[in-house]
Amino acid sequence: MRRGLKSFLGIALASAMLIGISGCGSTEVADNTTEATTQEEVTSEEVTEETTTEETASSGEAEETENAMGVEEDITDLRSVVASEEGLGKDAICGTCLGSVGVNDANLMKLVEKHFNAVTLENELKMDSMFGYNNDAPASGSIHEEELNGEKIEVPTLDHSRADAILDKIVEWNSANPDKQIRVRGHVLVWHSQAPEWFFHEGYDKKNDYVSSDVMNQRLEWYIKTVLEYYTSDSSKYKGLFYGWDVVNEAISDSTATYRTDEEPGSDKLSDSTHGSKSSWWKVYGSNEFIINAFKFANTYAPADLELYYNDYNECDSSKMKGIVQLLTDVKEAEGTRIDGFGMQGHYTVNAPSEDQIEKAVRAYSEVVGKVMLTELDVKVSALFDGTEAGLPDEYARQAAYYSSIYELMKVLNKEEGITVSGITVWGVIDTYSWLQQQSNVGGGATGTILQCPLLFDGNYKAKPCFWAIVDPSTVDASVLEVERPTIQIKKGTASIGEEVDPVWDEVEAIPLDIKVQGAEATGTAKLLWDEENLYVLMEVKDSVLNDASEDDYQQDSIEVFIDETNSRAGGYDDGDKQYRVSFNNKLSFNGEKCLEEYITSSAVTTDDGYIISAAIKWSEITPEVGTMIGLELQINDAGSDGNRKGTKSWADDTGTCYMNPAMFGHAELVE
């Protein structure tokens with residue numbers, strides 16, 4: 001059964017009214033979440049379930065609530081679409097993530113049982129959960145001796161209770177429904193986050209020295225062996241339940257696009273009980289040895305039919321993609337390892353990454369491992385969404401078009417020889433429980449100010465337009481993702497760069513930067529000139545609070561100039577695309593392979609009410625002439641007093657995605 005768009009928008013608005021804001025509502029509680037340094041929700045031992053029922057509704061309102069709430073039993077099963085010959089193949093995974101809160105929500109479980117053929121446990125198979133959330137120190141009396149390879153070693157006791165509580169319900173369902181089985185993805189064996197710091201120290205005490213790599217190898221092998229044998233061996237009560245396991249998670253750095261180390265940017269410290277960016281694995285090994293060994297041990301102790309994956313986010317970023325490809329290659333070429341596929345997490349934002357970027361990523365990873373899967377798909381709201389009820393229908397339409405573009409692309413790629421898209425897992429069931437309701441700034445994370453609606457079902461358990469975008473593409477209006485970009489003319493001229501503003505700028509018309517994304521309060525204008533050597537930029541910013549406290553360059557008060565010299569308008573950065581950032585104190589940072597420090601000369605001067613940036617940026621890809629068209633965007637980053645970016649002001653891009661998608665740039669014509 002399929003409903004029209006108007007019907008769904010009516011449901012969406014009813015949901016928004018019932019739940020509070022944007023059809024989203026209450027969230028899972030996360031009491032030990034630190035600063036947003038990872039894209040996965042960290043959930044404490046005690047998670048409370050919040051309800052959305054209107055207890056004080058009048059009799060008429062109560063009737064509306066009753067009609068709006070509850071699972072739609074008569075609509076198409078999503079799994080029958082995705083796991084079909086017309087979809088991704090009969091053996092494809094149509095999955096979702098499931099946590100301790102969701103498994104106790106009867107309506108949510110009805111959705112899981114109806115629409116999905118697989119689940120990934122959200123937190124319950126991560127290391128901190130397996131050690132009973134005793135993150136400061138092992139549980140009293142838990143350290144004991146076990147034998148490994150004929151040697152006695154001291155190890156902590158594992159706590160399977162949280163994972164087993166969910167898995168037992170899946171087993172019960174499978175026993176009663178042999179024709180509608182649900183399988184499980186293990187997540188995750190080795191990860192820098194949610195790993196108690198004491199696990200890396202002598203005597204399992206984080207106040208002591210780090211253990212040697214030899215001792216850590218014993219602990220690593222023991223942990224992987226014990227977890228895999230418990231859940232996947234012939235004697236396990238869960239034998240045959242798991243189809244795959246994430247062996248290693250997020251081991252590539254966002255900042256360097258190489259292996260994540262113990263010196264990653266971020267406010268977390270290695271002395272913290274757990275940390276979200278810095279890797280104690282790297283602190284112990286100083287190399288990728290632990291990654292190689294993790295796949296060796298997993299290959300040793302996992303059944304042959306259990307697929308072994310590496311999993312990561314920001315996987316469509318061109319720089320990080322190279323780091324991930326190198327990791328996959330290193331693992332594949334090492335002796336004794338097995339890696340069956342790569343998990344593209346898929347924490348995206350409406351319209352970003354572009355189809356081109358996603359396709360490029362799938363092809364790059366498939367060349368190494370053959371098989372890819374979208375493992376944690378959700379879609380953060382676009383910059384066009386203001387979080388209001390009135391804006392919800394348009395946002396749902398944009399979201400549906402984006403979900404559809406991803407799914408249709410995966411179907412096309414899956415038909416190509418050498419590429420296997422083995423499935424799609426959506427990272428949650430209903431918007432209410434999405435991790436994106438928590439504050440996070442990477443991997444598709446939310447701002448913490450606008451509630452998100454990233455999933456296929458709303459807070460009232462109703463299918464959203466993005467659900468129907470997968471089930472029936474005819475419901476989608478792809479034109480809502482099309483964007484019109486402004487065009488300006490840049491006059492020819494040469495400007496000197498220094499603390500004194502060159503008088504040549506007096507005759508140049510100012511360009512207002514008045515597109516506001518999120519909570520930016522700074523204002524500013526830009527002026528531009530060009531000659532055969534450089535593009536010249538003058539940006540004057542009014543900002544009462546200047547802050548560069550953040551370790552993230554983009555969160556500091558700064559200006560950015562985006563240039564697509566060849567005007568290719570590609571969906572991802574190519575050789576002609578550059579992103580130059582200059583802070584109010586003249587700190588430089590860059591994005592793009594040919595966006596180099598030697599190509600820019602800049603000056604920064606603070607004023608009574610802000611700052612002025614002037615810069616000369618060398619042409620590297622073209623010899624400009626009158627009539628040349630380039631892609632261009634101009635942006636102000638506005639940091640608050642707390643050091644976090646409040647938002648941006650820009651000239652052309654109202655989606656906030658030009659940092660990854662040059663197609664969002666405006667147009668500029670070079671004139672006499």
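Hi everyone, let's start with the rings: Phe131, Trp198, Phe199, Phe200, Tyr204, Trp222, Tyr223, Trp281, Tyr285 and Phe290 are linked by ring pairs into a cluster. Please keep in mind that this is a predicted model.

Across the structure there are 28 aromatic pairs. Take Trp198 and Tyr204: their planes sit at 75° with the ring centres 5.9 Å apart, so this pair is edge-to-face. Are these two residues buried or exposed? Trp198 is buried, with a relative accessible area of 1%, and Tyr204 is buried as well, at 5%.

Tyr204 has another partner to show you. The charged end of Arg219 sits over the Tyr204 ring, 3.8 Å from its centre. You can find a similar arrangement at Tyr309, where Arg185 lies over the face of the ring, 4.1 Å from the ring centre.

Now to the nonpolar cores. Which residues touch the most other members of the largest one? That core has 125 residues, and the answer is Phe199, Tyr310 and Met344. You'll remember Phe199 from the ring cluster I opened with. Among the contributors, helix 12, residues 392-414, gives the most to this core, with 9 residues. There is also a second, separate core of 33 residues, and Phe584, Ile630, Ala652 and Ala668 are included in it.

Let me stay with Met344 for a moment. Leaving aside residues up to four places away in sequence, Met344 touches Asp312, Glu315 and Cys316, among others. Its contacts also include Ile358, Ala361, Val362 and Tyr365, and further along Val372, Met373, Leu374, Thr375 and Glu376.

Next, helix 6, which covers residues 161-176. Here's a little check you can do yourselves: at 1.5 Å a residue, its 16 residues should span 22 Å, and the end C-alpha atoms are 23 Å apart, which agrees. Which residues of helix 6 are buried? They are Arg162, Ala163, Asp164, Ile166, Leu167, Ile170, Trp173 and Asn174. As you look at that list, a reminder: an α-helix has 3.6 residues a turn, so residues three or four places apart point the same way.

Last stop, a hairpin. Strand 3, residues 144-148, pairs with strand 4, residues 151-155, in the antiparallel sense over 5 bridges. Glu147 stands opposite Lys152 of strand 4. How many residues lie between the two strands? There are 2, and Asn149 in the turn has a positive phi of about 55°.

That's my tour, thanks for listening!

Methods
Residues numbered from 1 in each chain as written. Predicted model: local features only at pLDDT ≥ 70, side-chain atom pairs only at ≥ 80, totals over all residues. Heavy atoms only, no water. Phe/Tyr/Trp six-rings, centres within 6.5 Å; stacked < 30°, edge-to-face > 60°. Buried < 20%, exposed > 50% of the residue type's maximum accessible area, 1.4 Å probe, protein only. Lys NZ or Arg CZ within 6 Å of the ring centre and 35° of its normal. Core = buried A, V, L, I, M, F, W, Y, C linked by side-chain atoms within 4.5 Å. Helix = DSSP H or I, 4+ residues; strand = E, 2+ residues; numbered from the N terminus. Contact = heavy atoms within 4.5 Å. Expected span 1.5 Å × (residues − 1). Pairing = 2+ DSSP bridges.
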